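Here's a quick tour of the empty space in this protein and of the ligand that goes with it. Have the model open as you read.

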Amino acid sequence: MNKQEQLKNLNDRMMKCSQCALRSGCTQVVPGEGSADAEIMFIGEGPGQKEDELGRPFVGAAGKFLDEMLGIINLKREEVYIANIVKCRPPQNRDPLPEEAAACWPWLLSQIKIIQPKLIVTLGRHSMERFLPNQKISQIHGRAMKREVDKIGKQVFYTLYHPAAALYNGSMRELLIKDFKRIPKVIEKIKEAI
Ligand code: URA
């Protein structure tokens, strides 16, 4: 099976998941979307209302902002992969509980293992914490870090503020755009090192 077929197979299985209570409260599972050959994988927190409605990640206001930033660095969302820590919408968009994130973790690991991105960009504190525990987003945003992840191996991470948090906060928005614009350089560096 090629990567695309593997992802399709994984998504089909994900759609039937009921490992945690989130599935009974949401409309549908939102596995993620994009290129199976993506060099960059963006990982948010979890689906919101619009995502739950449409079954696609980052399609609300935060998603429009993400698309805008991708455009600034000449990328289309079809060229990257966009996923979330949890694939089902938490009620009232509350933060996912640790047990919900833990239940969904194997799905995300499988996505990463299939795609093998050169760079994982975490969006927001909750996504950062799953991969880079005990860090402060205010200190590590915009910095590339290589970490060993169990079942994945060595992986480069780049931490960004969440687009939703930055939408209506002028200074955070500026920081996020500035960090975002550095992504091509980070990728270039990773390629040079290989
Ligand atoms: N926020 C997220 O973290 N993920 C989405 O898919 C949408 C909004």
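What follows covers the ligand, then the pockets, then the cavity.

This is a predicted model, where local features need pLDDT of at least 70, side-chain atom pairs count only at pLDDT 80 or more, and totals for chains, interfaces and linings use all residues. Residues are numbered from 1 along each chain as its sequence is written, and side-chain values use heavy atoms, with hydrogens and water left out. The headline is that the ligand takes up the space of the largest pocket.

**The ligand**

- Which residues surround the ligand? They are G44, E45, G46, E51, P57, F58, N84 and H162, each with a heavy atom within 4 Å of the ligand.
- That shell splits into 2 nonpolar, 4 polar and 2 charged residues. In this scheme Ala, Val, Leu, Ile, Met, Phe, Trp, Tyr, Cys and Pro are nonpolar, Asp, Glu, Lys and Arg are charged, and the others, Gly among them, are polar.
- Polar contacts here are pairs of N or O atoms within 3.5 Å. E45 brings a backbone N or O atom to 2.8 Å from a ligand oxygen, and H162 has a side-chain N or O atom 2.8 Å from an oxygen of the ligand.
- N84 places a polar side-chain atom 2.8 Å from a ligand nitrogen.
- Taken alone, the ligand exposes 240 Å², and the protein buries 91% of that (Shrake-Rupley areas with a 1.4 Å probe).

**The largest pocket**

- A pocket is an open set of points on a 1 Å grid over the protein atoms alone, with protein on both sides within 12 Å along at least five of seven lines; lining residues have an atom within 4 Å of a point. The ligand counts as sitting in one if more than half of its atoms lie within 2 Å of the grid points.
- The largest pocket holds about 430 Å³ of space, a volume being what probe spheres set on the points fill. It has 22 lining residues, and G46, G48, A62, H162 and A164 are the closest to its centre.
- Helix 3 (49–54), helix 4 (61–72), helix 6 (125–131) and helix 8 (163–167) each give at least two lining residues, with helices being DSSP runs of H or I of at least four residues and strands E runs of at least two. Helix 3 has the largest share, at 3 residues.
- By class, this lining has 8 nonpolar, 9 polar and 5 charged residues.

**The second largest pocket**

- Its volume is about 210 Å³, and its lining includes K118, M145, K154 and I194.
- Strand 5 (144–149), strand 6 (153–160) and helix 10 (183–193) each give two or more residues to this lining.
- The class split is 6 nonpolar, 1 polar and 3 charged.

**The cavity**

- How many cavities of 30 Å³ or more does the structure hold? There is 1; a cavity is a set of points where a 1.4 Å probe fits but cannot get out.
- The largest cavity has about 100 Å³ of space. Of its 14 lining residues, C17, C20, C88, C104 and W107 are the closest to the centre.
- Helix 5 (98–115) supplies the largest share of this lining, at 3 residues, and helix 2 (22–25) gives at least two.
- The lining has 10 nonpolar, 2 polar and 2 charged residues.

Conventions
Polar contact = N/O pair within 3.5 Å; in protein donor to acceptor, adjacent residues only side chain to side chain.
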